[in-house]
Amino acid sequence: LFFLFFTISFSGETRYNKDKILQGQGVDEPLSATGFRQADAAGLFLSNVKFTHVFSSDLLRAKQTAAAILGKNRFCKDLEIKYDARLRERKYGVAEGRPLADLKAMAKEAGEQCPSFTPSGGETLDEVRERARDFFEFLCQLAIELEQKEHCKPGAPGRSLGTSGEQFVFPWTNHCSEAEPSSEGSGSSMVLDANILVVSHGAYMRNWIGYFVSDLNCTLPANLTKSQLSSVSPNTGVSNFIIKLENGNLLKPQIMCVCLNQDSHL
């Protein structure tokens, strides 16, 4: 059982991004004119990818980014976007709506380093990672249920990865692994049960990727540096993961990062 998992790891730019002001969850700014252009560019970049599901943070900047991306898609303009609070940006408590410099000053006063410092009323990194883990397990369960439904249909052949060129177009050009799902050694085509677009936020996705790498032993592109792995994605940066659930085993997903924080569309 394979499913592809795409993420836009950061919504488009807002004026608060530009002014280096923390938004977190409490500041719900719309995209700026630049942010809308970025979202449209990401949509064009992914326009030939046929998604089965789209999930977005329920914060406005992510919702607008997801809508702009789908609006450019050749195959799924009318696909329902499902909003989920588990995809919200990290909560920064008293630091929200204040300059990033203030957060750094708070951390210094507490004798800690950003980004591990948690301001009063904010989320710890462990709490953010727990949200990410919970949502990822939900996605895995979704893929398993889809696969089971497909196999229960009389005479259903399943959804083969195939080579049609319509549903599975991989536009990655840099920071990418050459590996893609294959049926080598399996005797038959592997089944792609879900092709999921997730639109979220930078600090949240950095923690999610950390969970993939440290807890689930995600395979990374060979040319990826440590600084690239730990850095926050640019606005509308695209990351792509392939997840394999052997025999529907939720406990041991095999994860391969094909592309991290891809920004060639910007």
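Here are four short exercises on this structure, each with a worked solution.

Before you start, note that this is a predicted model, where local features need pLDDT of at least 70, side-chain atom pairs count only at pLDDT 80 or more, and totals for chains, interfaces and linings use all residues. Residues are numbered from 1 along each chain as its sequence is written, and side-chain values use heavy atoms, with hydrogens and water left out.

**Exercise 1. Aromatic pairs**

Work out how the rings of F5 and W208 are arranged, and how those of Y204 and W208 are arranged.

Step 1: Start with the rule. Rings of Phe, Tyr and Trp (its six-membered ring) pair if their centres lie within 6.5 Å; planes under 30 degrees apart count as stacked, over 60 as edge-to-face and the rest as tilted. The count by this rule is 15 aromatic pairs.

Step 2: Take F5 and W208. Their centres are 5.3 Å apart with 40° between the planes, which makes the pair tilted. This pair links distant parts of the chain, with F5 in strand β1 (residues 2–8) and W208 in helix α6 (residues 202–216), 203 residues apart. Helices (H or I, at least four residues) and strands (E, at least two) are DSSP runs, numbered from the N terminus.

Step 3: Take Y204 and W208. Their ring centres are 5.7 Å apart and the planes stand at 80°, so this pair is edge-to-face. Y204 and W208 are four residues apart in helix α6, which puts about one helical turn between them. An α-helix has 3.6 residues a turn, so residues three or four places apart point the same way.

Step 4: Widen the view. Ring pairs join F5, F55, F135, F136, F138, Y204, W208, Y211, F212 and F241 into a cluster.

**Exercise 2. The surroundings of helix α6**

Decide whether helix α6 is enclosed or open, using its buried residues.

Step 1: Recall the cut-offs: buried means under 20% relative accessible area, exposed over 50%, and partly exposed in between (1.4 Å probe, protein chains only).

Step 2: Look at single residues. Y204 has a relative accessible area of 0% and is buried; W208 is buried too, also with 0%.

Step 3: Look at the whole helix. In α6, 11 of the 15 residues are buried, so the helix is largely enclosed by the rest of the structure. Among them are G202, M205, I209 and L216.

Step 4: See what comes next. N217 follows α6, and its phi is positive, near 55°.

**Exercise 3. Charges over rings**

Find which ring K63 lies over, and which ring R86 lies over.

Step 1: Apply the test: NZ of Lys or CZ of Arg must be within 6 Å of the ring centre and within 35 degrees of the ring normal.

Step 2: K63 lies over the face of Y83, at 4.8 Å from the ring centre. R86 lies over the face of F138, at 4.9 Å from the ring centre.

**Exercise 4. Two neighbours in a loop**

Are R90 and K91 buried or partly exposed?

Step 1: Place R90 in the loop between β3 (81–83) and α4 (100–109). K91 lies in the loop between β3 and α4 as well.

Step 2: Compare the values with the cut-offs. R90 is buried, at 1% relative accessibility, while K91 is partly exposed, at 36%.

Step 3: Follow the side chain of R90, which reaches the backbone oxygen of P115 at 2.7 Å.

Methods
Polar contact = N/O pair within 3.5 Å; in protein donor to acceptor, adjacent residues only side chain to side chain.
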